[in-house]
Amino acid sequence: MKSFYYKTFQRDSKVYLSRSSSFLGPIVFFLITITLYPLAFGSDEEQLAELASGIIWISILLANLLSHQFIFNEDYKDGSLDLVLASGKSLFVWASIKIFVNWYFSSLPLIFLSLVTSFMLYLPLDAALILALTLFLGTPILSMFGALAGALTLERGNIVGSSIVIPMCLPALILGILAIQSYKNEEVLFYIFLLAAFLFFSIPILIASCLGAIRLHFE
Amino acid sequence: MRQFFNQLISFPYFFKIAQISFPYLFLLSISVILLGVLWGVFFSPVDVTQGEVYRIIYLHVPAASVAQSIYYTMVIASVTYLIWRIKMASVFMISMAPLGAIFTFLALFTGAVWGQPTWGTWWVWDARLTSTLILLILYLAIISLFSSFDRRASIDQAVSIVVLIGGINLPIIKLSVEWWNTLHQSASITLSGSSIDNEMLIPLLISILGFYLYVTAIGMRRMQVEILKREISHNWVKRIFQEKK
């Protein structure tokens, strides 16, 4: 007998793999945003190398928030969210699994892609590796904030949700960029540890507030 | 004490108290602000390095102080609402958020007017300015939540969750923005003492006090309006308006 949580994990993964829109959507969004920057700022090599870390971080932040907006939407519409709430299973674990699967399928590909795009934007290899590391620590934070935005605006998905959480994602963005900029000296570890601390600090708080936000639609 | 608190969170009682105290509080706050600002503008000495321009401090610092304090009181209210479900706490948050946005804007505006002659630019991407701008965005985002649900309780719940998360996050945002960049002069008034001359400090403190009184008065008025909106069909509201006639 497989447990409820394992089945949730399996089902969500299958849904993700079987639907090209949810799998490819963030990737296409990310690539097109990256392409916009050289078109707007010009193809000057030095300038792009300077901007690269910021460009990639901002594009990933936007792609992440947009793709996580709809994380609970379908379960809400087809009524399975009601059943989960009524079943007495731990909502915390359930939401964590959903967010993890979402992150695995929509953010992890972007992290690998960011390595490729950082070469396209002339970022040095060392900095690109640090960038990937900061993204690895930072994207779960963005995913959880995106899930919170989605949970808040379940009834009507609108721009309000993401505009609320973007200012709250700033520490992740700033710490990530600072780590990349100081990739040559010792400080890089300091910023990476801080980013990791921010991640572990926000996991319980953000998931708990996600649950609060979900419950408010059922009061 | 406990009884007084219990009475204060009941809508009719609060409404009555606010109705009585509002005119006095409002007049008091206006006169204190006038006292502080006029003293500051006409009687306090001229600053050695900045000249007459510095006098905008008597608006800038109180506005910035009030803008931040409102957010922290809203965080306390959100915790109160989430734990004890006291409706007055949500009334408080919803009435204070627009005030907070206005004072944050005022702080940014007076700061820009002050920055133009002293720094030579209206706006710099400095730590404090940036975190104040983020505070303004946060206030506006909270206000935009007010109309995103159909049910009253959902709005209250959503607003308090966002206020709480923002409150936990605000110090972190401030710290990270500070690492990112700093140009602004550090805070001149701290609890351990101040780096301004007394003759400038006293009118400044009076002006800060006046701003706080003003926010209290206007906040009470806004809370009354919010209470009326929610309780419009209740008997005690009808009775009040019948007495008026």
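## Two chains, mostly helix

Chain B has 8 helices and 2 strands, where helices (H or I, at least four residues) and strands (E, at least two) are DSSP runs numbered from the N terminus. Keep in mind that this is a predicted model, so local features need pLDDT of at least 70 and side-chain atom pairs count only at pLDDT 80 or more, while totals for chains, interfaces and linings use all residues. Residues are numbered from 1 along each chain as its sequence is written, and chains are lettered from A and ligands numbered from 1 in the order in which they are written.

Reading chain B from the N terminus, the order of elements is α-α-α-α-α-α-β-β-α-α. Chain A, on the other hand, has 10 helices and 0 strands, so to speak a plain run of α-α-α-α-α-α-α-α-α-α. Its radius of gyration, taken over C-alpha atoms, is 18 Å for chain A, close to the 17 Å that the globule rule gives for 219 residues, so chain A is as compact as a globular protein of that length. That rule is 2.2 Å times the number of residues to the power 0.38.

Here are some overall values for each chain.

| Chain | Span along principal axes | Buried share | Contacts from residues 24 or more apart |
|---|---|---|---|
| A | roughly 55 × 35 × 35 Å | 43% of 219 residues | 78% |
| B | about 60 × 40 × 30 Å | 36% of 245 residues | 79% |

For the table, a residue is buried if 20 or more other C-beta atoms, placed from the backbone, lie within 10 Å of its own. Contact means that the C-beta atoms of two residues, placed from the backbone, lie within 7 Å. The last column is a share of the contacts with a separation of 6 or more, in chain A and in chain B.

Now for the helix packing inside chain B. Helix α5 (residues 127-145) of chain B and helix α6 (residues 152-180) of chain B have axes that come within 10 Å and cross at roughly 170°. That makes α5(B) roughly antiparallel to α6(B), a label for angles over 145 degrees. Axes here are lines fitted to C-alpha atoms, for helices over the stretch in contact, with angles from 0 to 180 degrees between N-to-C directions. Among the residues of α5(B) that meet α6(B) are B:Ile134, B:Leu138 and B:Ile142, and the α6(B) side includes B:Val159, B:Val162 and B:Trp180. By class, this contact has 13 nonpolar, 3 polar and 2 charged residues. Ala, Val, Leu, Ile, Met, Phe, Trp, Tyr, Cys and Pro count as nonpolar, Asp, Glu, Lys and Arg as charged, and the others, Gly among them, as polar.

A second pair is helix α4 (residues 87-119) of chain B with helix α7 (residues 198-230) of chain B, packed at an angle of about 125° with axes 9 Å apart. That makes α4(B) oblique to α7(B), the label for angles that are not under 35, over 145 or from 65 to 115 degrees. Residues such as B:Phe92, B:Met96 and B:Leu99 in α4(B) take part, and their partners in α7(B) include B:Ile218, B:Arg222 and B:Glu226. This contact has 9 nonpolar, 2 polar and 2 charged residues.

Finally, how do the chains meet? In the model, 22 residues of chain A are in contact with 24 residues of chain B. Helices α9 (159-181) and α10 (187-215) of chain A are the elements that give two or more residues to chain A's side, and α9(A) brings the largest share, 10 residues. That side has 14 nonpolar, 6 polar and 2 charged residues.

Technical notes
A residue is buried if 20 or more other C-beta atoms lie within 10 Å of its own, exposed if 12 or fewer, and partly exposed in between; C-beta atoms are placed from the backbone.
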